[in-house]
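User: Hi! I'd like to learn how to read a protein model by eye. Could you walk me through some features, one at a time?

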Amino acid sequence: MEETLKMRKDKIGYLSSEHSSCLKNMRDMSVFERSTVTVFAAEMKVFDRTHTEKELVSQSKELCRNFIHSRIIREGFSWSKVEPDLPEPHGALIDVSVVLLKLGDELECMRPYVYRNIAKQLNISVAVEAVVSDAFLSVATEILAMGITWGKVVAIYAVAAGLAVDCVRQGHPVMVHTIVDSLGEFARRSLVPWLKKRGGWGDISKCVVNIDSRAHAHWLSTALLTWREFIKTMYIYLTK
């Protein structure tokens with residue numbers, strides 16, 4: 001009998017030990033699972049994070065530089081007058097740059113003389129950095145006075161490029177950097193919150209992907225409205 005009781009105690013002790021070990025393993029697994037979930041959530045947060053202000057301003061300037069480059073080359077000037085090399089857009093910005101240029105082409109084709117000879121239309125000298133910067137910022141601000149649309153954003157880039165071409169034509173290629181920097185400052189002040197709501201510059205692709213007749217008509221009507229506002233903006237600037 002004593003031997004039997006001893007065997008039972010030993011068995012109970014063994015089961016208790018097994019139970020404790022099992023509980024410990026379960027606690028360890030729970031900690032591991034929580035750690036794994038935390039790490040996974042952190043990784044997802046990195047992939048799903050929104051663009052920062054710094055990133056959007058940098059992208060806006062890079063897109064502006066490429067837009068201006070295309071217009072300077074189109075007018076028969078050499079980019080080497082501005083800087084030795086043009087950094088190529090990378091990643092998703094490649095597609096964005098193509099779309100931005102395409103929309104710019106459409107806008108300029110509708111009113112070919114509106115986005116040319118910008119300096120003459122504004123009656124300014126491109127020899128003074130402050131004058132060029134202030135003129136561009138004033139026009140850009142007036143264009144967005146009634147709200148922001150992609151059509152208006154494209155118009156601002158077209159103005160920047162037209163002004164940059166004037167600077168190069170008149171022997172002041174260094175002013176191109178002033179215009180790019182001014183657009184970056186404008187983006188920081190006026191475009192970044194709007195861009196964040198749309199998930200960044202990639203949203204502009206919706207203007208040209210799967211375009212049907214109604215969407216195309218909407219883009220043209222938006223561009224026409226932008227042109228009218230641009231003319232009004234020129235008048236406001238000249239009468240200040």
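Analyst: Happy to. Let's start with the aromatic side chains: F67, W150, Y157, W194 and W201 are linked by ring pairs into a cluster. Please keep in mind that this is a predicted model.

User: How many aromatic pairs does the whole structure hold, and how do I describe one of them?

Analyst: The general idea is that a pair of aromatic rings is described by the distance of the centres and the angle of the planes. A search of the whole structure gives 4 aromatic pairs. Take W150 and W194: their ring centres are 4.7 Å apart and the planes make an angle of 70 degrees, so the pair counts as edge-to-face, the class for angles over 60. The pair also ties together distant parts of the chain, since W150 sits in helix α6 (residues 150–169) and W194 in helix α7 (residues 175–197), 44 residues apart.

User: Is W150 buried or exposed, and what about W194?

Analyst: The test is relative accessible area, and a residue under 20% counts as buried. W150 has 9%, so W150 is buried. W194, at 11%, is buried as well.

User: Which residue lies over the face of F67?

Analyst: That is R71, at 4.5 Å from the centre of the F67 ring.

User: Let's zoom out. How many helices and strands does the chain have?

Analyst: There are 8 helices and 0 strands. Reading from the N terminus, the order is α-α-α-α-α-α-α-α. The chain has 240 residues, and 39% of them count as buried. Its accessible surface is about 14200 Å², with 59% belonging to carbon and sulfur atoms.

User: What share of the contacts joins residues at least 24 apart?

Analyst: Among contacts between residues at least 6 apart in sequence, the share is 81%.

User: How do I check the length of a helix, say α5?

Analyst: Multiply 1.5 Å by one less than the number of residues to get the expected span. Helix α5 (residues 129–143) has 15 residues and should therefore span 21 Å; the C-alpha atoms at its ends are 21 Å apart, which agrees. You can repeat the exercise on α2, whose 22 residues reach 32 Å from first C-alpha to last, close to the 32 Å expected.

User: Which residues of α5 are buried?

Analyst: They are V132, S133, A135, F136, L137, S138, V139, A140 and I143. L137 is a good one to follow: its relative accessibility is 14%, so L137 falls on the buried side. Beyond its neighbours within four places in sequence, L137 is in contact with S182, F186 and R189. The C-alpha atoms of L137 and A160 are separated by 9.7 Å, with their positions 23 residues apart along the chain.

User: Now the loops. Where is G76 found, and is G76 buried or exposed?

Analyst: G76 belongs to the loop between α2 (53–74) and α3 (93–110). With a relative accessibility of 65%, G76 counts as exposed. Just after α2, G76 adopts a positive phi of about 90 degrees. Its C-alpha is 9.9 Å from that of R169, although the two residues are 93 apart along the chain.

User: Which residues other than glycine have a positive phi?

Analyst: N117 is one of them, with phi near 55 degrees, and N123 is another, with phi near 60 degrees. N117 lies in the loop between α3 and α4 (118–122), while N123 is in the loop between α4 and α5. At 41% relative accessible area N117 is partly exposed, whereas N123, at 66%, is exposed.

User: Where does V114 sit?

Analyst: V114 is in the loop between α3 and α4, yet at 9% relative accessibility V114 counts as buried. From V114 to G162 is 9.2 Å, C-alpha to C-alpha, and 48 residues in sequence.

User: One last topic: how many disulfides are there?

Analyst: A disulfide is a covalent bond between the sulfur atoms of two cysteines. Looking for cysteine sulfur atoms within 2.5 Å of each other gives a count of 0 disulfides. As for individual cysteines, C64 is buried at 1% relative accessible area, and C167 is buried at 0%.

Key: Residues are numbered from 1 along each chain as its sequence is written. This is a predicted model: local features need pLDDT of at least 70, side-chain atom pairs count only at pLDDT 80 or more; totals for chains, interfaces and linings use all residues. Side-chain values use heavy atoms; hydrogens and water are left out. Helices (H or I, at least four residues) and strands (E, at least two) are DSSP runs, numbered from the N terminus. Buried means under 20% relative accessible area, exposed over 50%, partly exposed in between (1.4 Å probe, protein chains only). Rings of Phe, Tyr and Trp (its six-membered ring) pair if their centres lie within 6.5 Å; planes under 30 degrees apart count as stacked, over 60 as edge-to-face and the rest as tilted. A charge sits over a ring if NZ of Lys or CZ of Arg is within 6 Å of the ring centre and within 35 degrees of the ring normal. Contact means heavy atoms within 4.5 Å. Accessible areas come from the Shrake-Rupley method with a 1.4 Å probe; for residues, only the protein chains shown count as cover.
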